[in-house]
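Reader: I should like to examine how the descriptive terms applied to this model are justified. Please set each value against its cut-off.

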Amino acid sequence: GLRTLMPSPLFTPALRLGQAVRGLLPAALRAQVPARPPMAPPAWPDARKSLHARRVLMLKGCVQPGLRPHIDAATARVLDALGIRAEVASSSGCCGAVQGHMGDVEGAKARARRNIDAWWPYIVSATPVEAVLVNASGCGAWVKDYDQLLADDPAYADKARRVVALVRDPGELLPTWLPVLKRKLARKASAGTLGAFTFHPPCSLSHAQRLSSAAKPGPIETSLRELGFEVRLAARDSHQCCGAGGAYSVLQPEMSRQLRDLKLEALQASSAEPVGVIASANIGCITHLQSGTDTPVKHWIELLDEALSR
């Protein structure tokens, strides 16, 4: 299926072709091609106007720009509202997680070295970036392990440690953004217009990055509630895997679908009223959950961007 092309530059062209003929495909193949989400074309902040002194790097990635380019654009717009310029190193790309999950460790190391080389000038610049922001929690968990992946590489071990020290999920930075966001959203929050959604914390966010747990909500849930969003969690087993699991949905499709359906059932039961939006923090989870429901599934930062732009 198309998922085998995930780390490849061919992924997006193959995806577009598959989406164009999706309705003509047999059911088994059609299930492998995510439908194009009904969203407006993504728009990044105007680079000529977004000349903030504060800068962060964003992962260029491979799957998310093809499946949901709106997520990166929404992240850049939120950062712009905060007075931070989002930059992407043109020679960077896939983080290497898919190859690593599939057992191609040397291929994953090559991806890591390429990204480090692409990011390095931004890190050692006279005006260095303040973070490497990775808004797909599965990619973030993998990039945060670059130091272990390249620990035995004398040319890259020290660079990898320096990169890892800068890697952040946007959820980690969200609490520091609250003062500005509260000022910008105060009127809408007082009018009760920020809205409600049900949040699925990905395993990569909860267990790998430890930014959420069953015992204690993480910075995403608590910060968005503090801003005025109504954040619900699944009615049961909130931190159970949705079935995407990196390469798991490719290797174990039947079990993956069963886990997805159980997760969607629990998410839909989070409220007495029909759930209007499901949010998550990882492109794999978002795409996998969306394949089993007509309820919109988005990245939480898209909801924050929508609130800021209304």
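Author: The exchange below takes up confidence, cysteines, salt bridges, helices, strands and cores in turn.

Reader: What confidence does the model carry, as a whole and over residues 1-6?

Author: This is a predicted model. The protein averages a pLDDT of 88, and 87% of the residues score at least 70. Over residues 1-6 the pLDDT is below 50, although this stretch has 17 contacts in the model beyond near neighbours in sequence. Residues 14-22 also stay under 50, and the model has 19 contacts for them beyond four places in sequence.

Reader: Why are Cys203 and Cys241 not called a disulfide?

Author: A disulfide requires two cysteine sulfur atoms within 2.5 Å. The cysteine sulfur closest to that of Cys203 belongs to Cys241 and lies 3.9 Å away, which is too far for a bond. Seen from Cys241, the closest cysteine sulfur is that of Cys203, again at 3.9 Å. The count of disulfides by this rule is zero.

Reader: How do you know whether Cys203 and Cys241 are buried or exposed?

Author: Buried means under 20% relative accessible area and exposed means over 50%, with partly exposed in between. Cys203, at 25%, therefore counts as partly exposed. Cys241 has a value of 23% and is also partly exposed.

Reader: What makes Arg77 and Asp305 a salt bridge?

Author: The cut-off is 4 Å between a side-chain nitrogen of Lys or Arg and a carboxyl oxygen of Asp or Glu. For Arg77 and Asp305 the N to O distance is 2.7 Å, and the pair qualifies. Arg77 belongs to helix α4 and Asp305 to helix α16, so that the pair links distant parts of the chain, 228 residues apart. Arg77 is partly exposed at 29% relative accessibility, whereas Asp305 is buried at 7%. By the same rule the model has 14 salt bridges.

Reader: Why is the term salt bridge also given to Glu273 and Arg232?

Author: Their closest N and O atoms are 3.5 Å apart, and the limit is 4 Å. Glu273 lies in the loop between α14 and β7, while Arg232 lies in strand β6, so the pair ties together parts that are 41 residues apart in sequence. Arg232 counts as buried, because its relative accessibility is 14%, under the limit of 20%.

Reader: Which residues are linked with Arg85 in a network of salt bridges?

Author: The network links Arg55, Arg85 and Glu87. Within it, the side chains of Glu87 and Arg85 meet at 2.6 Å, N to O. Glu87 is buried at 12% relative accessibility, and Arg85 is partly exposed at 24%.

Reader: Why is helix α16 described as largely enclosed by the rest of the structure?

Author: Helix α16 covers residues 300-309, and seven of its 10 residues are buried, so the description follows. Those buried are Trp300, Ile301, Glu302, Leu303, Leu304, Asp305 and Ala307. They pack against α4, α10, β5, α12, β7 and β8.

Reader: Which residues of helix α9 are buried, and what covers them?

Author: In α9, residues 157-166, the buried residues are Ala157, Ala160, Val163, Val164 and Leu166. Their cover includes α6, β3, α7, α8 and β4.

Reader: What makes β2 and β4 edge strands?

Author: Each of these strands, β2 (84-87) and β4 (167-168), pairs on one side only. The sheet is open, with four strands in the order β2-β1-β3-β4 and parallel pairing.

Reader: How do you know that β1 and β3 pair?

Author: Pairing requires at least two bridges. Two bridges join β1, residues 54-58, to β3, residues 132-133, and the requirement is met. Leu57 stands opposite Val132 in β3.

Reader: Which residues touch the most other members of the largest nonpolar core?

Author: They are Cys95, Ile116, Trp119 and Tyr146, in a core of 46 residues. The elements giving two or more residues to this core are α3, α6, α7, α8, α9, α14 and α15. Helix α6 supplies the largest share, seven residues. Leaving aside residues up to four places away in sequence, Tyr146 touches Cys95, Arg111, Ala112, Asn115, Ile116, Trp119, Ala160 and Val164. A second, separate core has 35 residues, among them Leu79, Leu205, Ile220 and Ala279.

Conventions:
Residues numbered from 1 in each chain as written. Predicted model: local features only at pLDDT ≥ 70, side-chain atom pairs only at ≥ 80, totals over all residues. Heavy atoms only, no water. Buried < 20%, exposed > 50% of the residue type's maximum accessible area, 1.4 Å probe, protein only. Contact = heavy atoms within 4.5 Å. Core = buried A, V, L, I, M, F, W, Y, C linked by side-chain atoms within 4.5 Å. pLDDT = per-residue confidence, 0-100.
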